[in-house]
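Biologist: I would like to go through this protein and ask how each label is earned. Please set each value against its definition.

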Amino acid sequence: MRACLLVLMALFSAAALAAPPQQVSVKYRVLKNGQAVGTISEHFERKEQRYRIESTTTASGIFALFAKGAIILRSEGDITQEGLRPLHFEHHRGSDPAKLIVADFDWNKPAVTHKYDGKSETESLATGTQDRLSQLYQFMFQPPQAPQVEFHTSTGRKLNLYRYRIVGEESVNTPLGTLQTLHISKQRNRDEDGLDLWLAKSRHYFPVHIVIEEKDGGKLEQKLESLSFTPD
């Protein structure tokens with residue numbers, strides 16, 4: 001009986017340690033083909049069963065002369081037993097309202113409505129669908145377990161099926177020290193960018209390094225500069 005109790009306590013402690021944080025603040029340095037071009041600052045917050053994420057990309061150096069304002073992504077929605085369930089997504093490019101992209105999720109229908117370039121298009125919504133921003137935070141709630149993980153993702157313009165395969169465990173040098181990560185890779189389609197994520201196992205499976213292989217042949221990297229959790 002005592003042995004069973006100890007096992008249950010150990011499992012409870014492990015579950016508590018694995019509980020997703022209330023807040024996440026992260027900053028990345030952005031490189032384009034190896035050259036620094038800007039920074040990304042993000043903040044995640046959950047209150048009871050709701051969440052909100054905001055991401056701001058700002059150009060730096062000579063690139064700031066050509067960029068017209070920051071790129072801002074916002075995602076908000078519910079937190080369920082399956083993780084994040086987005087309700088609303090926005091993609092702002094500068095202050096031009098004509099460039100605003102919006103996705104509204106109606107899980108009762110279920111359907112998602114994409115609004116962009118003066119258009120409004122509705123598609124059927126599959127269980128587990130994420131948006132461009134929430135899909136990066138979903139792994140805090142559901143770390144990859146199977147050799148392949150897949151879910152639909154809204155870009156704000158359309159739904160794409162993201163298929164991630166587990167590449168393996170790798171060490172990544174960061175300002176937080178050397179972290180053991182799980183490297184996963186999104187299978188690239190002809191009309192989509194490739195996406196590789198390095199999820200830190202001791203940091204709630206949060207992506208501490210991101211590489212985007214652009215469909216035009218370019219390469220974007222997000223290298224971690226700072227990361228904090230509350231509580232942690």
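**Labels and their grounds**

Modeller: Buried residues make up 40% of the 232 residues in the protein chain. This is a predicted model, in which local features need pLDDT of at least 70, side-chain atom pairs count only at pLDDT 80 or more, and totals for chains, interfaces and linings use all residues. Residues are numbered from 1 along each chain as its sequence is written, and side-chain values use heavy atoms, leaving out hydrogens and water.

Biologist: What makes a residue buried rather than exposed?

Modeller: Buried means under 20% relative accessible area, exposed means over 50%, and partly exposed lies in between, with a 1.4 Å probe and protein chains only.

Biologist: Over which residues does pLDDT stay under 50?

Modeller: Residues 1–17. pLDDT is the predictor's confidence in each residue, from 0 to 100. The protein chain averages 89. For residues 1–17 the model has one contact (heavy atoms within 4.5 Å) beyond four places in sequence. Where pLDDT is low, the predicted coordinates should not be read in detail.

Biologist: Why are strand 10 and strand 11 called a pair?

Modeller: Strands (E, at least two residues) are DSSP runs, numbered from the N terminus. Two strands pair if DSSP finds at least two bridges between them. Seven bridges join strand 10 (residues 148–154) to strand 11 (residues 159–174), so they pair, and they run antiparallel. Gln148, for one, has Arg165 in strand 11 as its bridge partner.

Biologist: How do you know that strand 11 pairs with strand 12?

Modeller: Ten bridges join strand 11 to strand 12 (residues 177–186), so the definition is met. A hairpin links strand 11 and strand 12 through two residues.

Conventions:
Helix = DSSP H or I, 4+ residues; strand = E, 2+ residues; numbered from the N terminus.
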